[in-house]
Amino acid sequence: MTAAEMRAAEEAVFRRERQLDVMERAGAAVAREAARFATGRPVLVVAGPGNNGGDAYVCARHLRQGGLDVSVAAMGEPKAGAAAEMWSRWEGPVVSLYEARPRPMLVDGLFGTGMTRPLERGPRALLADLVTAADFSLSIDLPSGLETDSGADFGAPRVSATLALAALKPAHVLDAGLERCGHVLLADIAIPVAAHRRAAARPRLAPPGAGDHKYSRGMVVAVECAMPGAARLAARAAMAGGAGYVTLAGADPRGGGPDALVRTRIEAAEDLAELLESDRIASVVIGPGLGRERRSEALLKAALACPHPLVLDGDALTLLGRQAGRWLRDRRAPTWLTPHAGEFARMFEGEGSKIDRTLGLVLETGATVLHKGADTVIAGTDGAVRVLAGASPWLSTAGTGDVLAGLLAAQAARGLRGVAAAEAAVWLHARAASLAGPAFAADALVDHAAAALGECV
Ligand SMILES: NC(=O)C1=CN([C@@H]2O[C@H](COP(=O)(O)OP(=O)(O)OC[C@H]3O[C@@H](n4cnc5c(N)ncnc54)[C@H](OP(=O)(O)O)[C@@H]3O)[C@@H](O)[C@H]2O)[C@@H](O)CC1
Ligand SMILES: Nc1ncnc2c1ncn2[C@@H]1O[C@H](COP(=O)(O)OP(=O)(O)O)[C@@H](O)[C@H]1O
Ligand SMILES: [K+]
């Protein structure tokens with residue numbers, strides 16, 4: 001939830017409950033986690049002037065009542081409201097942040113969702129030093145110094161763990177927030193949340209039944225052109241992702257690949273158009289290794305004209321560029337775009353967070369967009385958003401995007417649509433990467449996709 005949505009959810013609760021009681025609950029939740037991590041060590045609680053600081057004073061009180069040695073350092077006294085009341089309920093001394101001495105356990109309650117501008121150099125350096133000197137640091141709601149709605153860096157330290165209150169905010173999963181939050185924990189503080197943006201979750205996929213055959217499970221066509229290896233990776237991933245039948249359409253009928261991979265020879269774009277007339281086809285993937293030549297462009301146009309669900313990746317996206325909206329808006333069959341940051345920038349220039357910009361491209365094209373990266377954002381035409389953060393950074397190797405495109409084509413072929421298909425694909429991709437361990441090549445990623453799928457049926 002964004003800062004504004006969070007405030008609205010809080011306001012709704014405050015209509016039937018005092019803000020003080022909600023803050024007591026939040027502070028108590030933080031204290032529970034802090035005590036768990038402190039394991040008896042001395043604690044320094046740093047508190048800011050707003051409600052994040054209010055939570056911090058509550059936390060400090062609970063930790064001290066629990067028998068821990070607690071000191072509190074403040075940056076600006078709370079002026080009014082619940083935070084000021086919590087400050088007065090803390091009976092110990094409060095030193096200025098500038099006088100704070102590091103302690104083994106640090107609780108960071110300087111700023112949360114109210115951070116509106118970058119932290120100044122002084123407090124930023126002080127906080128960073130205190131975090132570095134601590135054995136363990138726990139941030140309340142957000143590491144102090146992140147823009148809540150985008151995850152942009154406002155000078156936040158990298159802490160050991162962050163306890164998100166009531167709901168995850170975009171900063172927990174996007175941009176600089178990805179690395180600054182450490183382990184992200186979520187506290188239920190009885191503020192009801194209804195979010196149409198969620199973390200990507202493991203899909204539940206139906207295994208084939210007695211009535212299934214290779215066509216009913218979905219036939220995928222992958223289009224091969226300039227770099228055959230890339231299209232082959234996508235085709236193999238479609239097989240591993242559960243498609244019943246995968247055809248690689250290309251100029252060389254004897255190119256490599258597993259025996260189960262069917263090859264269809266296409267010379268010109270007309271051949272592809274003719275192939276794509278078959279109503280046995282359940283989805284098409286084009287773009288991995290497509291190239292940017294005349295022939296590539298002609299093949300892309302044939303694919304765009306087909307009546308089947310279509311996954312557009314790699315060079316297909318670069319070829320569409322700023323014209324993506326014009327080419328796609330009238331397409332009737334489901335379409336997915338899977339840009340990485342560079343391809344995205346070639347198609348669309350938007351403002352705001354990665355979520356906002358991804359939704360912007362959805363609006364522009366009418367397609368489901370899977371915007372890749374360490375913070376993968378999926379957005380659909382109904383406004384639904386899924387974010388997958390924390391996938392293995394070993395995915396940053398050539399060809400893993402081709403594998404994702406193939407996995408997505410397989411989900412489209414099994415009948416999944418929109419965000420659900422993309423969510424299933426990124427989950428399988430991330431899980432396969434985690435099963436593959438360190439330093440894998442994209443080929444090995446494919447080899448683990450079936451095991452990932454096994455966890456979903
Ligand atoms: N409402 C509730 O009961 C509940 C709230 N909850 C908690 O409240 C948190 C949100 O609280 P919040 O809205 O008070 O904002 P918060 O993050 O404390 O900071 C605001 C202060 O910081 C200041 N400031 C901003 N940027 C600055 C900068 N760069 N450098 C210096 N100052 C800067 C800003 O000043 P101003 O911008 O007005 O100058 C203002 O004084 C939320 O994260 C959660 O922890 C939960 O417990 C649930 C119950
Ligand atoms: N540092 C990272 N952490 C997690 N996932 C990453 C990281 N870097 C890349 N990825 C993922 O790896 C894949 C790379 O795709 P892409 O850039 O299209 O590669 P290629 O074009 O070589 O296939 C995407 O799914 C992306 O989300
Ligand atoms: K904080």
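This briefing covers the overall build, the annotated spans, the ligand shell and selected residues of one chain. The model is predicted. The chain has 457 residues, of which 54% are buried, and it contains 16 helices and 17 strands. UniProt, in an unreviewed entry, lists a "YjeF N-terminal" domain at residues 1–197 and a "YjeF C-terminal" domain at residues 197–456.

**Overall build**

- Taken along the principal axes, the C-alpha atoms of the chain fill a box of roughly 80 × 40 × 40 Å.
- Among the contacts in the chain with a separation of 6 or more, 71% are between residues 24 or more positions apart.

**Annotated spans**

- Residues 1–197, the "YjeF N-terminal" domain of the UniProt record, are 37% helix and 17% strand.
- The end C-alpha atoms of residues 1–197 are 7 Å apart.
- Residues 197–456, which the UniProt record gives as the "YjeF C-terminal" domain, are 42% helix and 17% strand.
- The end C-alpha atoms of residues 197–456 are 22 Å apart.

**Strand β5 and its partners**

- Strand β5 covers residues 136–140, and four of its five residues are buried.
- Strand β4 (residues 105–109) runs parallel to β5 and is joined to it by four bridges; Leu106 stands opposite Ser137 in β5.
- From β4 the chain passes through helix α5 (residues 121–133) to β5, in a right-handed β-α-β crossover.
- Strand β6 (residues 161–165) also pairs with β5 in the parallel sense, over three bridges.
- Ala161 in β6 is the bridge partner of Leu138.

**Shell around ligand 1**

- Ligand 1 is surrounded by 25 residues, and the closest are Ala26, Gly50, Asn51, Gly112 and Gly114.
- By type, the shell around ligand 1 consists of eleven nonpolar, ten polar and four charged residues.
- Helices α2 (19–38) and α3 (51–65) each contribute at least two residues to the shell around ligand 1.

**Residues annotated as "binding site"**

- The unreviewed UniProt entry places the feature "binding site" at Asn52, Asp108 and Ser144.
- These positions are spread over 93 residues of sequence but cluster in space, with a largest C-alpha distance of 9.3 Å.
- Asn52 lies in helix α3 and counts as buried because 25 other C-beta atoms lie within 10 Å.
- Leaving out residues up to four places away in sequence, Asn52 touches Gly109, Leu110, Phe111, Gly112, Gly114, Ile140 and Asp141.
- Ser144 sits in the loop between β5 and β6; Ser144 is buried because 29 other C-beta atoms lie within 10 Å.
- Beyond its neighbours within four places in sequence, Ser144 is in contact with eight residues named here in full: Gly48, Asp108, Leu110, Phe111, Leu119, Leu127, Ser139 and Ala156.
- Asp108, another position of the "binding site" feature in the UniProt record, is thus also listed among the contacts of Ser144.

**Leu404**

- Leu404 is found in helix α14 (residues 400–413).
- Leu404 has 33 C-beta neighbours inside 10 Å and therefore counts as buried.
- With neighbours within four places in sequence set aside, the contacts of Leu404 are Thr338, Ala425, Val426 and His429.
- Gly241 is 163 residues from Leu404 in sequence, while their C-alpha atoms are 9.5 Å apart.

Conventions:
Residues are numbered from 1 along each chain as its sequence is written. Chains are lettered from A and ligands numbered from 1 in the order in which they are written. This is a predicted model: local features need pLDDT of at least 70, side-chain atom pairs count only at pLDDT 80 or more; totals for chains, interfaces and linings use all residues. A residue is buried if 20 or more other C-beta atoms lie within 10 Å of its own, exposed if 12 or fewer, and partly exposed in between; C-beta atoms are placed from the backbone. Two strands pair if DSSP finds at least two bridges between them. A crossover is right-handed if, with the strands pointing away from the viewer, the path from the first strand over the helix to the second runs clockwise. UniProt positions are given in the numbering used here, feature names are shortened, and annotations may be inferred rather than shown by experiment. A residue is near a molecule or strand if its C-beta atom, placed from the backbone, lies within 6 Å of it. Ala, Val, Leu, Ile, Met, Phe, Trp, Tyr, Cys and Pro count as nonpolar, Asp, Glu, Lys and Arg as charged, and the others, Gly among them, as polar. Two residues are in contact if their C-beta atoms, placed from the backbone, lie within 7 Å.
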